[in-house]
Amino acid sequence: MSTRTKIVIGGVAVGLLLMPLLGFWLSLLVVLGVPAAAYLMLDPSQRRRLRRVSRKEIGR
């Protein structure tokens, strides 16, 4: 199993665990907001590198 798949499965599990505690919309905000905030905290050079790696994996 790839690292990306493990992260996605973990995110889904966290979302399912948070749903009864916080409600659907707030848990959705957490599941989508945390990765978006982490991406925005990267330097521009790190973002370019991340996009380049993602594109290479798509072309495999």
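1. Start with Arg47 and Tyr39. Arg47 lies over the face of Tyr39, 5.4 Å from the ring centre. To earn that description, NZ of Lys or CZ of Arg has to be within 6 Å of the ring centre and within 35 degrees of the ring normal.

2. A quick word on what you're looking at. This is a predicted model, where local features need pLDDT of at least 70 and side-chain atom pairs count only at pLDDT 80 or more, while totals for chains, interfaces and linings use all residues. Residues are numbered from 1 along each chain as its sequence is written, and side-chain values use heavy atoms, with hydrogens and water left out.

3. Now look at helix α1, residues 3–22. Helices here are DSSP runs (H or I, at least four residues; strands are E, at least two), numbered from the N terminus. How far should the 20 residues of α1 span? The expected span is 1.5 Å times one less than the number of residues. For α1 that gives 28 Å, and the end C-alpha atoms are indeed 28 Å apart, so the two agree. Just after α1, Gly23 takes a positive phi of about 100 degrees.

4. Two residues of α1 are worth a click. Is Gly15 buried or exposed? Gly15, in helix α1, is buried because its relative accessible area is 8%, and buried means under 20%, exposed over 50% and partly exposed in between (1.4 Å probe, protein chains only). Leu17 also sits in α1, but Leu17 counts as exposed at 61%.

5. Try some distances, C-alpha to C-alpha. Gly15 and Val31 are 16 residues apart along the chain and separated by 6.0 Å. Leu17 and Ser27 are ten residues apart in sequence and 8.7 Å apart in space. Val53 and Ser27, on the other hand, are 26 residues apart in sequence and 29 Å apart in space. Val53 belongs to helix α3 (residues 44–58) and is partly exposed, at 40% relative accessible area.

6. Next, the aromatic rings. Rings of Phe, Tyr and Trp (its six-membered ring) pair if their centres lie within 6.5 Å; planes under 30 degrees apart are stacked, over 60 edge-to-face, and the rest tilted. How many aromatic pairs does this rule give? The count comes to one. Phe24 and Trp25 form that pair, which is edge-to-face, with 4.8 Å centre to centre and 75 degrees between the planes. Trp25 lies in helix α2 and is exposed, since its relative accessible area is 66%, whereas Phe24 is partly exposed at 43%.

7. Both rings turn up again on the surface. Val8, Val12, Leu16, Met19, Phe24, Trp25, Leu28 and Leu32 form a nonpolar patch there, with about 820 Å² of accessible area together. The elements giving two or more residues to this patch are α1 (3–22) and α2 (24–40). Patch residues have over 30% relative accessible area and no salt bridge, with like charges joined within 9 Å and nonpolar side chains (Val, Leu, Ile, Met, Phe, Trp, Tyr) within 5 Å. A salt bridge is a side-chain nitrogen of Lys or Arg within 4 Å of a carboxyl oxygen of Asp or Glu. Areas come from the Shrake-Rupley method with a 1.4 Å probe; for residues, only the protein chains shown count as cover.
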